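Dear colleague,

I am handing over the structure for your study. Please look at it first, and then read the findings set out below.

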Amino acid sequence: MSVHLEWSAYRAKHCRSLFIGGGYSSPKCGTNVDLCDQLREPYGERGHIFFAGEATTLPGATAHAAMASGIRAASQVASYLSSIQH
Ligand SMILES: Cc1cc2nc3c(=O)[nH]c(=O)nc-3n(C[C@H](O)[C@H](O)[C@H](O)COP(=O)(O)OP(=O)(O)OC[C@H]3O[C@@H](n4cnc5c(N)ncnc54)[C@H](O)[C@@H]3O)c2cc1C
């Protein structure tokens with residue numbers, strides 16, 4: 001029996017879809033597992049720019065990861081604000 005495939009790979013463009021407008025990260029094979037740690041590091045001379053989003057959490061790609069990252073980033077902001085007030 002032979003199976004005819006119309007395509008061998010499908011590349012979705014969710015970000016261009018009117019009713020989706022977003023996506024999620026998919027690390028390539030061989031991506032350094034420390035990448036998430038780097039993405040969630042505060043940025044800037046004073047370390048006062050903070051990042052949230054599913055890509056900053058392992059495992060990412062879900063709404064749960066996005067929410068967890070927001071809670072973590074809020075905690076980083078709170079620690080930063082408390083450190084500059086004393
Ligand atoms: C088709 C599809 C189905 C999914 N199904 C599920 C599921 O069943 N369960 C699940 O848990 N997860 C699912 N996900 C994954 C989930 O939606 C994402 O992991 C989650 O939304 C990521 O949240 P986020 O806040 O990190 O990023 P996003 O939700 O992508 O938010 C990023 C926001 O930043 C905005 N933005 C981008 N660039 C700029 C800029 N330069 N300036 C200002 N704003 C900007 C974007 O418009 C967007 O609103 C699905 C995703 C897709 C695409």
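Met67 is located in helix α2, which covers residues 63-85. Met67 counts as partly exposed because it has 13 C-beta neighbours inside 10 Å, and a residue is called exposed at 12 or fewer and buried at 20 or more. Along the chain, Met67 and Ala52 are 15 residues apart, and their C-alpha atoms are separated by 8.6 Å. Please bear in mind throughout that this is a predicted model.

How does the expected span of α2 compare with the distance between its end C-alpha atoms? The helix has 23 residues, and at 1.5 Å a residue these should span 33 Å. The end C-alpha atoms are 33 Å apart, so the two values agree. Helix α2 is also hardly covered, as two of its 23 residues are buried.

For the protein chain in general, the secondary structure comes to two helices and zero strands. The chain has 86 residues, of which 12% count as buried. If one takes the contacts between residues at least 6 apart in sequence, 24% of them join residues at least 24 apart.

The loop between α1 (35-39) and α2 deserves your attention. Pro59 is found in this loop, and the peptide bond that leads from Leu58 to Pro59 is cis, with omega near -10 degrees. Ala61 belongs to the loop between α1 and α2 as well. Although Ala61 is not a glycine, it has a positive phi of about 70 degrees. Is Ala61 buried, exposed or partly exposed? Ala61 is partly exposed, because 16 other C-beta atoms lie within 10 Å.

Ala61 is also one of the residues that surround the ligand. The others are His14, Ile20, Gly22, Gly23, Tyr24, Gly53, Glu54, Thr62, Ala63, His64 and Ala66. Sorted by class, this shell consists of five nonpolar, six polar and one charged residues.

Next, I turn to the part of the chain that precedes α1. Ser25 lies in the segment before α1. With 16 other C-beta atoms within 10 Å, Ser25 is partly exposed. Which residues does Ser25 contact, once its neighbours within four places in sequence are left aside? They are Glu54, Ala55, Gly60 and Ala61. For Ser25 and Glu54, which are 29 residues apart along the chain, the separation between C-alpha atoms is 7.4 Å.

Val33 likewise has its place in the segment before α1. Val33 is exposed, because it has 8 other C-beta atoms within 10 Å, and a residue with 12 or fewer falls into that class. The C-alpha atoms of Val33 and Leu58 are separated by 8.9 Å, while the two residues are 25 places apart along the chain.

Finally, Asp37 is part of helix α1. Asp37 is exposed, since 11 other C-beta atoms lie within 10 Å of its own. Between Asp37 and Thr57 there are 8.1 Å in space, C-alpha to C-alpha, and the pair is 20 residues apart in sequence.

As you go through the model, you may wish to begin with the loop that contains Pro59 and Ala61, and then proceed to the residues around the ligand, including Ala61 and Glu54. Glu54 is also among the contacts of Ser25.

Yours sincerely,
A colleague

Conventions. Residues numbered from 1 in each chain as written. Predicted model: local features only at pLDDT ≥ 70, side-chain atom pairs only at ≥ 80, totals over all residues. Helix = DSSP H or I, 4+ residues; strand = E, 2+ residues; numbered from the N terminus. Contact = placed C-beta atoms within 7 Å. Near = placed C-beta within 6 Å. Nonpolar A, V, L, I, M, F, W, Y, C, P; charged D, E, K, R; others polar. Expected span 1.5 Å × (residues − 1).
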